Amino acid sequence: MAFTMPASHPYISPMVARKKPSKPAEHRWQISLIKATPAKYLGSVDAPDEAAAIEAAAREFTIDDTLKNRLVARRES
C-alpha cells in the first residue's frame, strides 16, 4: 500500500525538513551607569540577553569591576 497525498495538498511532500536550531537572537541594549541622578548614558551594545549586555558593556566601555554592578541595560524596541 503506497502513501498518497490528499488532492488539496499535492505540492507538500510527506517528509518535512526540520529547522536547525539557531543561536539566540541578538538585541540592541542601551547601557547606563548609575552614579547619581540622572544616570550617565554610555552607549549601546548588541547581546542576546541583559546579563550578556552588561558584560559586553563593561569590556567595551572599560568599566572597573567596582562599578560593574551599577551598569543598567535597557532593551531597545
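In the predicted model, the side chains of K68 and D65 meet in a salt bridge, with a distance of 4.0 Å from N to O. K68 also takes part in a salt bridge with E55, for which the N to O distance is 3.4 Å. This second pair links distant parts of the chain, since K68 lies in the loop between α1 and β3, whereas E55 belongs to helix α1, 13 residues apart. Through these contacts E55, D65 and K68 are linked in a network of salt bridges. The three members of the network can be placed by their relative accessible areas: D65, at 62%, is exposed, while E55, at 36%, is partly exposed, and K68, at 23%, is likewise partly exposed. Because the limit for a buried residue is set at under 20% relative accessible area, K68 with its 23% is classed as partly exposed and not as buried.

A search of the whole structure finds 3 salt bridges. Apart from the two pairs that involve K68, a salt bridge is formed between D46 and R28, whose closest N and O atoms are 3.1 Å apart. Here too distant parts of the chain are linked, with D46 in strand β2 and R28 in strand β1, 18 residues apart. Both partners are partly exposed, D46 with a relative accessibility of 44% and R28 with a relative accessible area of 36%. In general, side chains of opposite charge can pair when their charged atoms come close.

The interior of the model was examined next. The largest nonpolar core has 12 residues, namely W29, I31, L33, V45, A47, A53, I54, A57, A58, I63, L71 and A73. At least two residues of this core are supplied by each of β1 (27-33), β2 (40-47), α1 (50-60) and β3 (71-75), and the greatest contribution comes from α1, with 4 residues. Within helix α1, the residues A53, I54, A56, A57 and A58 are buried, and what covers the buried residues of this helix includes β1, β2 and β3. In general, an α-helix has 3.6 residues a turn, so residues three or four places apart point the same way. The contacts of A53 illustrate the packing of α1: when residues up to four places away in sequence are not counted, A53 touches W29, I31, V45, A47 and A73. Each of these partners of A53 is itself listed among the residues of the largest nonpolar core.

Two features of the backbone were also noted, both of them in loops. The peptide bond from T37 to P38 is cis, with an omega near -5°, and P38 is found in the loop between β1 and β2. The second feature concerns T62, which has a positive phi of about 45° although this residue is not a glycine. T62 is placed in the loop between α1 and β3, and the positive phi thus occurs just after α1. With a relative accessibility of 69%, T62 counts as exposed, because the limit for this class is over 50%. The loop between α1 and β3 that holds T62 also contains K68, the partner of E55 of helix α1.

Technical notes:
Residues are numbered from 1 along each chain as its sequence is written. This is a predicted model: local features need pLDDT of at least 70, side-chain atom pairs count only at pLDDT 80 or more; totals for chains, interfaces and linings use all residues. Side-chain values use heavy atoms; hydrogens and water are left out. A nonpolar core is a set of buried Ala, Val, Leu, Ile, Met, Phe, Trp, Tyr and Cys residues joined through side-chain atoms within 4.5 Å. Buried means under 20% relative accessible area, exposed over 50%, partly exposed in between (1.4 Å probe, protein chains only). Contact means heavy atoms within 4.5 Å.
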